[in-house]
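Got the viewer open? Here is a short tour, one selection at a time.

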Protein chains: 2
Amino acid sequence: MTSKQNTQQKILDAAERLFADTGFSATSLRQITGMAEVNLASVNYHFGSKKELIQAVLQRYLAVLMPRLDQEFSLLLSSQKPNDLSQVLSVFVEPLLELNKIQNRGTTLFLQLLGRGYTDVQGHLRWFFNHHYGRTLDKFVLLVQQSCPALPASEIFWRLHFSLGTIVFTMASNEALKDIAAADFNEVVEIDGVIKRLIPYLAAGIAAPLQSD
Amino acid sequence: MTSKQNTQQKILDAAERLFADTGFSATSLRQITGMAEVNLASVNYHFGSKKELIQAVLQRYLAVLMPRLDQEFSLLLSSQKPNDLSQVLSVFVEPLLELNKIQNRGTTLFLQLLGRGYTDVQGHLRWFFNHHYGRTLDKFVLLVQQSCPALPASEIFWRLHFSLGTIVFTMASNEALKDIAAADFNEVVEIDGVIKRLIPYLAAGIAAPLQSD
DNA sequence: GTACATTTCAAACAGTTGTTTAAATTGACT
DNA sequence: AGTCAATTTAAACAACTGTTTGAAATGTAC
């Protein structure tokens, strides 16, 4: 029975949709409990606070995604030769697309939430993420450094953040971009299409030659 | 006298700082009027509403920047040969940096506000911008298409939005990035340093070869 | 100085927010 | 049946939001 799932899950499902669509702070608990058809107070009862609900929504995906990524990174690091940058970036594709198994449109929802996490709130989510998954991120940075030996570490730092901006922004405005692409170019682009368009763009940007001056 | 500037300007100055730091919707009129040391009601008296105040804050920069960009774009379009992509992108540098003449840290503030405009609100700012400056933007897109004749228009559309994401995100988290760069790499990076790092990254990404599959 | 328009001000408005409370309901186990 | 804990519920809480009001203050022109 679809109506017999427990309250916590109904809240998480409604929350992630609303959070992804309109952002964390713009979504009220009354909207969430209204869509989930549960009582307002149940959010605080089951999750403690809105802040903790936000973290729980993200954690549902991160708990699956990050260990997989960590494993793939370790595998690439153990190979002797430095890896091609496109290969390193392509590691993200499959684990991200498998988030669709957790939930309908899981990949899209997660990436939108990630975007919201960076643009909406500054504090607690960044800490939450670094605290839980900082080690995994370090492996990824190391891989990129190995595949771009000509670039100083500081330049890689900046370019990876440039790339994070691309991803986060693209996913946050994903719906709008899809609509424009459909209207202006008669293109139907799904989330995997966007991801595969991103790889060559990001790879070229990160590995761009240093300017002379 | 610094304290004798009129109320409107005091409101605009305070508003742009708070908007840039914490976003439009997260900034309350009471914060703004508190920092500006004016009465709460004066915002509605002078600007009508918070929405119109946001537009006025952006307009102070856009009214200077966009005509300059439009002029530069027209100049490049009138040259017979297609222009190098890096040249096209470099057109932004000087006009952006001249925003520092309008205000202390004007360039940084404007770019942060631009970022907030895309991540914070969806509706009225996008309309406001397209309505006032859509023609100028079209010229820029045309220039990019001319300098990348191998890329289909739809691909350029996606890649320009990827690039917008980079810019917007980088500027929104500019302060945090500067701090990290200073702590981890002993680097002092000002806004013009960030802009000049962006150009080769963006140029390489936009002009990246199409993937085969 | 009188008249008039512009601007400032404190106060209140109606609406929303996240959170808490205490009573009512449900469930499981004896 | 009865007991106890887990859960749900409606109501209220205090704090905050953007906006409006009408009186007070200020500036300007005659």
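Before the first stop, one term: buried area is the accessible area, taken with a 1.4 Å probe, that two parts lose on being put together, summed over both. Keep in mind, too, that this is a predicted model.

**Stop 1: the two protein chains.** Select chain A and chain B together. Between them they bury about 3,600 Å², and 70% of that is on carbon and sulfur atoms. The contact draws in 40 residues of chain A and 41 residues of chain B. Now look for charged partners: two salt bridges turn up across this interface. To see one of them, pick Arg197(A) and Glu155(B), whose side chains meet with an N to O distance of 2.7 Å. Ten residue pairs are in polar contact across the interface of chain A and chain B as well.

Which helices of chain A should you colour here? Helix H7 (106-119), helix H9 (153-172), helix H10 (174-185) and helix H11 (191-206) of chain A each bring at least two residues to the side that touches chain B. H9(A) gives the most, with 15 residues. Sort that side of chain A by residue class and you get 22 nonpolar, ten polar and eight charged residues.

**Stop 2: a residue on chain B.** Switch to Asp179(B), which sits in helix H10 (residues 174-185) of chain B. Is Asp179(B) buried or exposed? Asp179(B) has a relative accessible area of 52%, so it counts as exposed, the cut-off being over 50%. Then add Val189(B), ten residues away along the chain: the two C-alpha atoms are 9.3 Å apart.

**Stop 3: DNA strand D.** Select DNA strand D and show what surrounds it. You should find 15 residues, the closest being Thr7(A), His46(A), Ser28(B), Arg30(B) and Lys50(B). By class, this surface has five nonpolar, seven polar and three charged residues. Helix H3 (42-47) of chain A and helix H2 (29-36) of chain B each supply at least two residues of it.

Zoom in on the phosphates of DNA strand D next:

- Lys50(B): an N or O atom of the side chain is 2.8 Å from a phosphate oxygen.
- Asn44(B): a polar side-chain atom is 3.3 Å from a phosphate oxygen.
- Asn39(A): here a polar backbone atom is 3.4 Å from a phosphate oxygen.

Of the atoms of DNA strand D within 4 Å of the protein, 49% are in sugar or phosphate, and the rest are in bases.

**Stop 4: a look inside chain B.** Click on Ser42(B), part of helix H3 (residues 42-47) of chain B. Its relative accessibility is 11%, so Ser42(B) counts as buried, which takes a value under 20%. Leaving out residues up to four places away in sequence, Ser42(B) touches Thr7(B), Ile11(B) and Phe47(B).

**Stop 5: DNA strand C.** Finish with DNA strand C, which has 15 residues around it; Leu29(A), Arg30(A), Lys50(A), Thr7(B) and His46(B) are the closest. Helix H2 (29-36) of chain A and H3 of chain B each supply at least two residues of this surface.

What does the side chain of Arg30(A) approach on DNA strand C? One of its N or O atoms is 2.9 Å from a base nitrogen. For phosphate, try Leu29(A), where a polar backbone atom is 2.9 Å from a phosphate oxygen of DNA strand C. Ser28(A) uses a side-chain N or O atom instead, 3.2 Å from a phosphate oxygen of that strand.

Conventions: Residues are numbered from 1 along each chain as its sequence is written. Chains are lettered from A and ligands numbered from 1 in the order in which they are written. This is a predicted model: local features need pLDDT of at least 70, side-chain atom pairs count only at pLDDT 80 or more; totals for chains, interfaces and linings use all residues. Side-chain values use heavy atoms; hydrogens and water are left out. Contact means heavy atoms within 4.5 Å. A salt bridge is a side-chain nitrogen of Lys or Arg within 4 Å of a carboxyl oxygen of Asp or Glu. A polar contact is a pair of N or O atoms within 3.5 Å; within protein, one must be able to donate a hydrogen and the other to accept it, and residues adjacent in sequence count only if both atoms are side-chain atoms. Helices (H or I, at least four residues) and strands (E, at least two) are DSSP runs, numbered from the N terminus. Ala, Val, Leu, Ile, Met, Phe, Trp, Tyr, Cys and Pro count as nonpolar, Asp, Glu, Lys and Arg as charged, and the others, Gly among them, as polar. Buried means under 20% relative accessible area, exposed over 50%, partly exposed in between (1.4 Å probe, protein chains only). A residue is near a molecule or strand if one of its heavy atoms lies within 4 Å of it.
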